[in-house]
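Here is a short tour for you, with the sequence and the model side by side. Please take a look before reading on.

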Amino acid sequence: MINLVSRADELLESKAVQVVIGYEAGSTGKARPAFITDPSKTGSLIFDDRCVQNLAVYLTKKEVRYFGKAAIVATLPIMRSIMMLISEQQVFAENIVVLGVSAEGKYIDIAGIEVMQQYIATCDLGNPAKDQETLAMLNKMSTQQKFDFWQKELSKCIKCYACRQACPMCYCTRCAVECNQPQWIPVQSNLHGNTDWHILRAMHLAGRCISCGECGRACPVNIPCHLLTMHMADQVHNYFNVYAGTTDKMSSVMSTFEPNDKESFIQ
Amino acid sequence: MARIGVFVCHCGENISATVDCHKVAETVGKLKHVAFSTDYKYMCSDPGQTLIKEAIKEHNLTGIVVSACSPRMHEPTFRKAAAEAGLNPFLCEMANLREHCSWVHEKNDMTTDKAIDLVRTLVEKVKINSALQPIKVPVTKTALVIGGGIAGIQSALDIANTGHKVILVERSPSIGGHMSQLSETFPTLDCSQCILTPRMVEVAQHPNITLYTYAEVEGLDGFIGNFTVKIRKKSKSLDEKICTGCGLCTTKCPQKKIPNEFEEGLGFRPAIYVPFPQAVPNKPVIDREHCTYYIKGKCKVCEVVCPTKAIRFDQPDEVIEVQIGAIVIATGFDIKRADFFPEYGFGKYKDVIDGLQFERLASASGPTSGAILRPSDGQVPKNIVFVACAGSRDPAKGIAYCSKICCMYTAKHAMLYKHKVHEGKASIFYMDIRSAGKNYEEFVRRAIEEDYVNYIRGRVSTIYERDGKLIVKGVDTLLGGQPVEIVADMVVLATAGVANHGAEELAQRLHVSYDSHKFFAEAHPKLKPVETNTAGIFLAGACQNPKDIPDSVSQASGAAVKVAALFSQNELTREPLVAFVNRTAPPLYSTCVGCFLCQSVCPYQAIEREDFKTRDGKIIKTVAKINEGLCQGCGTCVALCRSKSIDLHGYTNNQMYTEVMALLNEY
């Protein structure tokens, strides 16, 4: 990761960016997000199998924005998140520098949005293989079996909203669950309200989920809630031939109409 | 503390026949916060309204629910009554006990229970209704008329005569449209040019009309009363102020073999040309596509001969922006031409022509000076066949509609032919004769009875050439489907009227809807035939569907009245039932995060951007903003907004939620 460190160093030294968002080794052997503002500390940047968090979530945080222009270590899901955030006008391309990392963990020079777009175009944008298998298994179930499966899973939900906090696309300053006039989703944790919440979250991410799986990974009670949004991503690709986060000018499938849109799902 | 009044109407027996109105009033009267409840035979009658007004004052009501018919019927009535009693009209709600209950159910307790539920939900809603104020929007009292055919001319003149400014935009070098091409007009056979040209001149001379010919509408922004239109004035390559219209350049232009559009390809014109002698404005333009100078870089004969030195080869297109308040679209129609009728040999045989070409042949100012001559050899045709419904009413061809004007103009063509070629024979193949219109049927009878036009009811299957004659093979369905073969010298196809070229692009630029045939769509087929779905944009003439001159002119005047009515007010008042983006205390300002997904979903382009800035101008946050003039209150953005930052006045999420909860909860 010499390239990554030296590039981060160079960017901070030249004051091209004010903060580098990357990974560093945490105290328990896990990798944790690092926000490096001092060029002398870039040496602590790491990149290995432990670096799984979607760092794009920090780009919209007020505390991170406060630093100024940011460089961000980006794997494919992070790059796709960035594309979505630019499309939805939450991040401005001129305010970020992307330090690309390939699937093999190699540093890739991402000189601009167009380069990033070209890189994304060469990648497989489907859901991760492991999740595809689980989804295929779920899709084989009968409606009742699927319902039972999710009721069992969702009954565990404690409404901590870690899934939301981990998701780079959940950037609203006030989430729909916090709206209490009217109170759409019950505050307390109960099966009914938990189901409401997870359906709402999946719908809000339809056509926007970039299949990073962070929501499921963040869940403290191990609800595979990422399967819901990943299934939506599948559906959107099937019906509209769109993968989220491929360009910086994505139009939302849920708010646009194209004359050649499939309408086979209207029954 | 809310004090709600409930007024249950019997609507004669319309409601009371199946709903126990008295029980409804009694039950609802016991609800919390209901201060007054009564039933009455006709709430909309004068005593009924008085009852409401008195109750509002006497019981100091903070909201009322009139439980009667559909709000489409009487909401304005009761809101006005509420306002007269000093209650904000938007604190009056209507429960539809007629269409939603009494008319669709039988008389029993469940029907009455449903009526109670309908009233209950609205009692809960009206408790949290807000007093709303109507929205005022200023009006720019200048109209834009697009298209300078007879419909556009009529509309422009009518609006101008009411004292308002009009901008008339025409894309060809002269106004006049298809009517200027016509020879004589049915059912009176008066000369088209003679009745049209005085109107054209009137347009040019009217102090309230600004005429832009050779110009096109490029874009439109804004909303009713407040549009900004972008007009591209294509370069005419000459200075119109200096040009005297002497016409010397048009006679000296060496390029003389350009098919003349005005003559429908039956004649030629030079590269610098005036479309026809009576053109308005009567000043030439250079057709840069065919001009030798623009193709080869040299010639400039016109510049040399021009006595006033008006030619400007390097004149650029000019794009102007104008503020207008209303638009009349009068872009007209076109007809189907060659290659659509391979079976009729149209485009292959010179003597198979379309209706507009026949008009030019019959016109005194046409290429043959009014003599009916075959385009192939200039001979007088002795036997002429007219084919009505060429393309029209033919679902197999994709045109299922009737083009409306063909029956009449074909009768006219046959008549004109017989008047000019007395010994000639004219036959018309037709499907039905549609001659509904004042003096229209009499006109057709005249063609048959006085001019001996041979009407054959049946369709033509094929036309081919044999020994210089056109063999027309058809069928006579009145003779039991007997095949008919006519050896003709000339065939005239009454081809289908279709949307003008560029209609679809214009509709998209103006954000108005159009049908599958690219004709502009009216807001309501019966009750709003002149309006489009976009407020402030009206339709006139054949851009909506094929129309004859009287229909086009009447619709044009109709559209003009709509514009004049709009311009009669200084401010437009709109119902305040529009969407709004919420506001919160700093540093949030609004829960809107500015993703602008609402912008792409809004069918009315009503969502704008709004910046919150610090005192020194630094942008803190950009959020969505609803343009109240454009918003139609459809609520699509409300449904789409993930953070629930948009809401709809009068139908807020909270109000809807309360209604649903009222239905679910016991009372």
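Which residue in β4(B) is the bridge partner of Ile64(B)? The bridge partner is Cys92(B).

This is a predicted model, in which local features need pLDDT of at least 70 and side-chain atom pairs count only at pLDDT 80 or more, while totals for chains, interfaces and linings use all residues. Residues are numbered from 1 along each chain as its sequence is written, and chains are lettered from A and ligands numbered from 1 in the order in which they are written.

β3(B) and β4(B) run parallel and are joined by five bridges. The path between these strands passes through a helix, α3 of chain B, in a right-handed β-α-β crossover, meaning clockwise with the strands pointing away from the viewer. Helices (H or I, at least four residues) and strands (E, at least two) are DSSP runs.

| Element of chain B | Residues |
|---|---|
| β3 | 63–68 |
| α3 | 71–84 |
| β4 | 92–96 |

In β4(B), five of five residues are buried, that is, with 20 or more other C-beta atoms within 10 Å of their own, C-beta atoms being placed from the backbone. Cys92(B), Met94(B) and Asn96(B) lie on one side, and Glu93(B) and Ala95(B) on the other.

Now to the interior. The largest nonpolar core (buried Ala, Val, Leu, Ile, Met, Phe, Trp, Tyr and Cys residues joined through C-beta atoms within 7 Å) has 132 residues, and Ile327(B), Val387(B) and Val491(B) touch the most other members. Helix α12 (residues 406–420) of chain B gives the largest share of this core, nine residues. A second, separate core of 93 residues includes Ile72(A) and Cys163(A).

Conventions. A residue is buried if 20 or more other C-beta atoms lie within 10 Å of its own, exposed if 12 or fewer, and partly exposed in between; C-beta atoms are placed from the backbone. Two strands pair if DSSP finds at least two bridges between them.
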